[in-house]
Amino acid sequence: MNSTKKETLVSRHIWKAFIPLVLFCFSCSDTTTPSVTEENDEGDVAFEAKFVTAPASVNSGIGPLYNNISCASCHTSDGRGTPPRNGEELSSMLFRLSIPGTSPEGGPNPVPGYGGQLHPRSTYGCSSEGTVRINYSEIQGAFPDGETYSLRQPTYTLINNYTTLPAGVMLSPRVAPPVFGLGLLEAIPENVLTANADETDANKDGISGRPNYVFDVVNKRTAIGRFGLKSNMPNLRQQNAGAYNGDMGITTSVFPDENSVGQIQAIPAHPIEVDDKTLDAVVHYTRTLAVPARRNSTDETVKRGKQLFIEANCSGCHTPTLTTGSVADVPEISNQTIHPYTDLLLHDLGDGLSDGRPDFLATGNEWRTSPLWGIGLTELVNGHSNFLHDGRARNYIEAIMWHGGEATNARDNFKKMPKGDRDAVVVFLRSL
Ligand code: HEC
Ligand code: HEC
Ligand SMILES: [Ca+2]
Ligand SMILES: [Ca+2]
Ligand SMILES: [Ca+2]
């Protein structure tokens with residue numbers, strides 16, 4: 001990797017509260033000290049900015065309906081959120097909503113009075129749309145050698161709804177994922193993604209990943225999906241503008257209308273709340289936030305764990321290596337060999353993980369392969385190890401044992417491993 005290209009990658013900021021030192025590379029072959037550009041400082045500040053009720057002189061216009069007040073309040077330290085613990089309110093987890101059918105763009109069909117997302121918080125003049133009660137039950141399991149594990153099965157019930165819900169409302173729980181390395185994922189050429197797809201499972205390995213195709217609202221056309229937990233967003237600009245609008249009630253040029261569809265009468269007309277300069281800075285920030293460096297990659301157990309990960313065919317979806325294309329004006333992310341451990345494709349992971357809610361082409365059972373880079377720092381940075389789309393898994397083993405559907409063979413290969421090998425896979429994941 002060309003080291004001069006990397007100098008503008010923001011590394012100082014990621015996971016900054018904990019480890020301001022190591023975070024410089026994707027391929028982990030050199031030790032360039034990263035610096036931060038002015039544009040990224042602006043994006044960094046904007047990512048953390050806490051919005052307040054209008055009118056205010058800065059960061060004005062939260063809501064009237066919203067989930068949280070800043071990007072960083074959900075993407076904690078640029079890492080991941082959690083489901084609420086004992087009696088806490090929803091904070092870094094949100095619920096997408098829809099009814100059967102599709103929107104004119106082919107996306108989820110919004111719920112009358114609620115739109116496409118549940119908004120538990122509101123400013124004065126509007127009501128909270130409701131919240132979700134989460135109950136967990138435990139499903140006991142055991143490995144052939146007798147070691148036990150327990151899977152936490154959630155049930156979600158929409159409660160305190162401000163107005164009648166139509167029949168057939170579908171809920172999709174989603175916890176905020178980490179936000180580093182995304183520019184590199186955006187820079188993977190589309191033909192690389194489609195080349196990894198195998199929708200009819202021609203090679204008969206039980207894995208039939210396929211791309212999602214979603215709606216690009218700026219260019220008004222269908223585009224391959226890359227972001228969001230069902231690859232339901234085409235690019236970072238739309239993803240970030242969508243987050244401002246959907247998660248915070250902040251309008252931009254991309255989404256100029258407030259999200260408070262059912263209570264629109266409560267809001268006087270007003271100019272957009274975040275201008276293009278700030279939106280562009282946030283996009284640049286999420287595009288250039290560096291991936292944490294690998295740790296212990298030459299350790300013997302880590303190497304064995306990686307080998308086992310490949311032999312079990314975890315790598316059939318969690319693709320270890322990809323190459324980015326050229327991105328105009330962003331040399332930092334162009335033509336890089338990366339190790340994201342994702343194919344960005346949709347895979348049916350079985351009924352156990354299903355949310356039962358389609359999202360463009362994704363069925364309820366299908367999810368985007370989670371990138372595994374950086375996952376090993378979750379506990380250090382976020383203080384927990386809640387994995388999967390709704391944070392139900394409490395550790396790596398539970399995350400793996402929830403895999404079903406196309407990942408059944410890989411999961412069973414893991415399940416059959418002797419304990420020492422299972423531990424080595426976890427040690428490998430912790431090194432990412
Ligand atoms: C209420 C919590 C919450 C807030 C606030 C929030 N996000 Fe997110 N973010 C999420 C969730 C949940 C997802 C996954 C969404 C999905 O699957 O549709 C996500 C996804 C993303 C992604 C895509 C990550 C990936 O791996 O595909 C980016 C980028 C992102 N958010 C940026 C932002 C920015 C920028 C802001 C502030 C403008 C923001 N988010 C505010 C919860 C939040
Ligand atoms: C058929 C494709 C496929 C295979 C094979 C597969 N995975 Fe996954 N993996 C996924 C998808 C899709 C998700 C996201 C599921 C969700 O969020 O509900 C995921 C999520 C994960 C997560 C949680 C990531 C996070 O950020 O929350 C871990 C850890 C993981 N996989 C490890 C493994 C290991 C280890 C194996 C091999 C034993 C494996 N996976 C095999 C597709 C696959
Ligand atoms: Ca607003
Ligand atoms: Ca709503
Ligand atoms: Ca296949």
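**Calcium site and ligand 1 shell in a predicted model**

Colleague: Which protein atoms are the donors of the calcium ion (ligand 3), and what makes them donors?

Modeller: In this predicted model, the calcium ion (ligand 3) has as its protein donors Gly 61 (O), Gly 63 (O), Gly 249 (O), two OE atoms of Glu 258 and two OE atoms of Glu 273, which lie 2.2 to 2.8 Å from the ion. The cut-off for Ca is 3.2 Å and applies to N, O and S atoms, so these oxygens count as donors. Along the chain the donors follow the spacing G-x1-G-x185-G-x8-E-x14-E.

Colleague: Why can Gly 63 and Gly 249 be said to tie together parts that are apart in sequence?

Modeller: Gly 63 lies in the loop between helix H2 (38–48) and strand S1 (65–66), whereas Gly 249 lies in the loop between helix H5 (236–248) and helix H6 (276–288), so the pair joins parts that are 186 residues apart in sequence.

Colleague: How do you know whether Gly 63 is buried or exposed, and what of Gly 249?

Modeller: Buried means under 20% relative accessible area. Gly 63 has a value of 2%, and therefore it is called buried; Gly 249, with 0%, is buried as well.

Colleague: Why is Val 254 called what it is, buried or exposed?

Modeller: Val 254, which lies in the loop between H5 and H6, has a relative accessible area of 14%, and because the limit for a buried residue is under 20%, Val 254 is called buried.

Colleague: Which residues is Val 254 in contact with, leaving aside its neighbours within four places in sequence?

Modeller: Val 254 is then in contact with Val 217, Val 218, Arg 237, Ala 241 and Leu 279, where contact means heavy atoms within 4.5 Å. For one of these partners, Val 218, the C-alpha atom is separated from that of Val 254 by 6.9 Å, although the two residues are 36 residues apart along the chain.

Colleague: What makes the pair formed by ligand 1 and His 75 a polar contact?

Modeller: A nitrogen atom of ligand 1 is 2.9 Å from an N or O atom in the side chain of His 75, and a pair of N or O atoms within 3.5 Å is a polar contact, so the pair qualifies. By that cut-off, the 2.7 Å between an oxygen atom of ligand 1 and a backbone N or O atom of Leu 229 also qualifies, as does the 2.9 Å between an oxygen atom of ligand 1 and an N or O atom in the side chain of Arg 368.

Colleague: Which element gives the most to the shell around ligand 1?

Modeller: H5 gives the most, with seven residues.

How values were computed. Residues numbered from 1 in each chain as written. Chains lettered and ligands numbered in written order. Predicted model: local features only at pLDDT ≥ 70, side-chain atom pairs only at ≥ 80, totals over all residues. Heavy atoms only, no water. Helix = DSSP H or I, 4+ residues; strand = E, 2+ residues; numbered from the N terminus. Buried < 20%, exposed > 50% of the residue type's maximum accessible area, 1.4 Å probe, protein only. Polar contact = N/O pair within 3.5 Å; in protein donor to acceptor, adjacent residues only side chain to side chain.
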